[in-house]
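Reader: I would like to go through the internal cavities of this structure. Could we begin with a search of the whole chain?

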Amino acid sequence: MQGTNHDDLRRRNLSIILRLVHRSGAASRAQLTRLTGLNRSTIGALVAELVERGLVEERTPDPTKLAGRPSPIVAASDRVVALAVNPEIDAITVGVVALSGVVHRRIRFATSSSPTAAEAVAITAGIIDDLRNDLSEYSIIGIGIAVPGLVRAFDGLVRHAPHLGWVDEPLGDLLAAATGLPVVAANDASLGVTAERYFGAGQGMTDLIYLNGGSSGIGGGLVVGGVAAGGRAGYAGEFGHIRVSASGQKDSAGIAGTLEAEVTRDALLEVLGLRASETDADTLERALLASDSAAVHAEVARQLDFLAVALAGAVNVLNPQVIVLGGFLAALHAADPDRLSRAVAALSLGTAFDGVQIAPALLGSNLLLIGAAELAFEALLLDPQLDRGNTFALPALSARVAVSPASHPH
């Protein structure tokens, strides 16, 4: 029993060290000693085991930038990776994300129509198969999926992704069977708030709200008191279905006058004369900032005012430190940030809104991939001693389902 307790303690300490290095990108041994309260010899032994397992590497610090005896730098590995997947109504995006936070590859496979769950699995498996040679030197931990819909927390079942038309789809199980890799899935906006919390605009924050605007609508994620708030079954954060107007316009769930019904990417693209297949969030932002069209300015103002209704309600209920906007909502905010701030302030309790920041997501187009990868890395972060081998040879994939892509992967 004593040996078991010692093993459990060592496993826990390895987890603490790996999580600290992963979340910071790199830390010196001296910093790890200070942050954990463990002595230097213990830190040295733990780091040595993580190095042996290929999870971290040690680097010599720049002696010109340090006073006194330099402490070795411990950095998360670039060679330990997760595959991240984000299915949308017009594309499947797959990323290769390292434990260090580096996004090695980002592949967007455009589709001519909204894919079924089976098609999404086939496309993803095909992309992974095409990456086989490129990934031969990496240790692949697993796959994380950022789903634009309601995902049941305990088993990853996609209960409802209305824009995709998916109901009770065992997406994770299907992709695991197709690839032979462990798969975990969660709501895309919930993963977005995780990514921004640890690596983006929410670093160091204990109370934040994240709203993501995508081609499938608007979702959100919450961190309250330093804890991710998923709700009873993992469905918390559906800001898109908050009622913000008396309009009869309905959202994907059939609810009238909601944020998702009033604030849409399609309306912005239409007034700008842009095509969805050729416009990502960054392109949309540039177009909005460059436009001098009265119609564009009017549509931006209309959408910002409705967005403010939803944000003010969230401020009054949750009193966050920061509200982070991603996807097309970041582009909308960039078009007139002062208007949004004034509108939220006008609808909020002064004491609740005092000091609240409204900021764009910092991780850009990689945000959901980083969030999905974080989901896949969690088992490793909890137990760095799990035997996964130093390199993971991709298994043979099952036969691909025929799909009709709008373009080849690029």
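**Internal cavities**

Author: In this predicted model, a search of the whole structure finds two cavities of 30 Å³ or more.

Reader: What volume does the largest cavity have?

Author: The volume of the largest cavity is about 40 Å³.

Reader: Which residues line the largest cavity?

Author: Its lining consists of Val85, Pro87, Ala120, Val121, Thr124, Ile145, Leu171 and Leu175.

Reader: Which elements each supply at least two residues of that lining?

Author: Strand 4 (80–87), helix 4 (117–130) and helix 5 (171–179) each do so. Helix 4 gives the most, with three residues.

Reader: And how many of the lining residues are nonpolar, polar or charged?

Author: Seven are nonpolar and one is polar, while none is charged.

Reader: Turning to the second largest cavity, how much space lies in it?

Author: The second largest cavity holds about 40 Å³ of space.

Reader: Which residues form its lining?

Author: The second largest cavity is lined by Asp207, Leu208, Ile209, Leu222, Val223, Val224, Leu318 and Pro320. Two or more of the lining residues come from strand 12 (208–214), and likewise from strand 13 (217–224).

Reader: Which strand gives the most to that lining?

Author: Strand 13 does, with three residues.

Reader: How does the lining of the second largest cavity divide by class?

Author: There are seven nonpolar residues and one charged residue, with no polar residues.

Technical notes: Residues numbered from 1 in each chain as written. Predicted model: local features only at pLDDT ≥ 70, side-chain atom pairs only at ≥ 80, totals over all residues. Heavy atoms only, no water. 1 Å grid on protein atoms, 1.4 Å probe; cavity = no way out; pocket = protein on both sides within 12 Å on 5 of 7 lines; lining within 4 Å. Points joined across faces, edges and corners; volume = space filled by probe spheres on them. Helix = DSSP H or I, 4+ residues; strand = E, 2+ residues; numbered from the N terminus. Nonpolar A, V, L, I, M, F, W, Y, C, P; charged D, E, K, R; others polar.
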